[in-house]
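Thanks for asking me to look this one over. My notes are below as numbered points, to be read alongside the model.

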Amino acid sequence: MDNIKLKKNPFSLQLNTEDFLPASTDEKASLVVMRESTTYWKDAVRRLRKNKVAMVALGVIILVMIFAFIVPNFYPYRYDQQIRGSEDLRPMQYSTMELKSISQGKSVFPHIFGTDSFGRDIAIRVMIGARISLMVGLVASLLVLLIGSIYGAIAGYFGGKVDMVMMRIVDIIYSVPDMLIIILLQVTLKTPLTRLFDSNPAFAGLQKVGVGLISIFITFSLLYWVGMARIVRGQIMTLKEQEFVTAAKALGASNRQIIMKHLLPNCIGTLIVTTTLQIPSAIFTEAFLSYLGLGVAIPMASLGSLASDALGGISAYPYRLIVPSVAISLIILSFNLFGDGLRDAFDPKLKK
């Protein structure tokens, strides 16, 4: 029977044997999805690369890191080197002794941003100051990520009385003034840390940065993780009701395994964005405290301490204040713009 005909009044439906034949090549091609499959990470990176502002900010961050961590290793001057006869030089200016050396055929590297009143090259001090700021921002953000994510995950996962007690602790920490804690830590830790540094050569590097910067790190680990904890708590409270958590419990997974292997990995986008946006906040805090004299120890340079030192000669040498101020603004702006780009890339609601 070649044709099968079914007639119904007032409509008729006809079925042919051709309707049941295998699909042709053209018909298969019409059903192929034109966009190739992708993963969450590939899709986020693709959207990030399309964000021109974020990519420019990332380029600036990479350049700043090169100047802060690589260039000082090849720069002819040290941040604490005092050059006699080269005090208060203006940008690209040579001292009398340096001009004499040049006339004798010796190569002398110019002072790009001039020198300070002690004859120290400002350019290398700005590089070291940027290094300190970046290190503070990165270390503080890692501390915030580690403490805040674990604390918030525990509070959100267990809920109930555990969540209530842990969040009340967070509310109390929010009310503690960070400036007061830093001052108290500096006063309390100055004597024991100084004795420890003097008795153990292994802590020579920490002795250079001073008790003030160590107090800043301790304050970050004590106070600045609460924002991260609240964000992670909200994410965990939503995710713990999902089916994959129920399946993990049914398979006998412990609470620790569920939090570390299932819940936190599903918050990775939020964690990356929040951590990135924490870096400029930490950098600004360190610069502000160093400006007040509560940061790095002399002669170690920080962008905040350089700006503070420049106030004494602001009328005669305004560039001494302009250079570190522009460096601080550039670093903070770049991290903020890059963090905004990450947030747009990892937010599935903004997916196009």
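1. Let me begin with a small puzzle: where is the place of M92? In this predicted model, M92 sits in the loop that links α3 and α4. Its backbone deserves a look, since M92 is not a glycine and yet has a positive phi of about 60°.

2. That loop holds another residue of this kind. D88 is also found between α3 (52–70) and α4 (96–103), and its phi is near 55°, again positive in a residue other than glycine. As background, most residues other than glycine have a negative phi. With a relative accessible area of 29%, D88 counts as partly exposed, because that value falls between the 20% limit for buried and the 50% limit for exposed.

3. Now the overall picture. The protein chain has 14 helices and 2 strands. Of its 352 residues, 39% are buried. If you take the contacts between residues at least 6 apart in sequence, 73% of them join residues at least 24 apart.

4. On annotation, the unreviewed UniProt entry places "transmembrane region" features at residues 53–75, 134–157, 169–189, 209–227, 289–307 and 319–338. I set two of these spans against the model. Residues 319–338 are 100% helix and 0% strand, with 28 Å between the end C-alpha atoms. For residues 209–227 the figures are 89% helix and 0% strand, and the end C-alpha atoms lie 27 Å apart.

5. Next, the helix packing around α3, starting with α5. The two axes come within 8 Å and cross at roughly 110°. This angle lies in the 65 to 115 degree range, so α3 is roughly perpendicular to α5. The crossing of α3 past α5 is left-handed. On the α3 side the contact is made by V64, M65, F67, A68 and F69, and on the α5 side by M127, A130, R131, L134 and M135.

6. How does α3 lie against α14 (residues 319–346), and at what angle do they pack? Their axes are 8 Å apart, at an angle of about 140°. The pair is therefore oblique. Here too, α3 passes its partner α14 in a left-handed crossing. Residues V53, A54, A57, L58, V60, I61, V64 and M65 of α3 meet L330, I331, S334, F335, L337, F338 and G341 of α14. You will find V64 and M65 in this list and in the contact with α5 as well.

7. Turning to the interior, the largest nonpolar core has 47 residues, and the members touching the most others are W225 and L263. At least two residues each come from α5 (122–158), α6 (160–174), α8 (204–223), α9 (226–239), α10 (243–250), α11 (255–263) and α12 (268–291). The most generous of these is α5, which gives 12 residues.

8. L263 merits a closer look on screen. Setting aside its neighbours within four places in sequence, L263 is in contact with Y157, I236, L239, K240, F244, V245 and I258.

9. Finally, please show the other core too. It is separate from the largest one and has 30 residues, among them I61, V273, A301 and V323. I61 also appears on the α3 side of the packing with α14, which makes I61 a handy place to centre a view of both features.

Technical notes. Residues numbered from 1 in each chain as written. Predicted model: local features only at pLDDT ≥ 70, side-chain atom pairs only at ≥ 80, totals over all residues. Heavy atoms only, no water. UniProt positions renumbered as here; feature names shortened; annotations may be inferred. Helix = DSSP H or I, 4+ residues; strand = E, 2+ residues; numbered from the N terminus. Core = buried A, V, L, I, M, F, W, Y, C linked by side-chain atoms within 4.5 Å. Buried < 20%, exposed > 50% of the residue type's maximum accessible area, 1.4 Å probe, protein only. Contact = heavy atoms within 4.5 Å. Axes fitted to C-alpha atoms, helices over the stretch in contact; angles between N-to-C directions. Parallel < 35°, antiparallel > 145°, perpendicular 65-115°, else oblique. Left-handed = near helix turned anticlockwise from the far one by under 90°.
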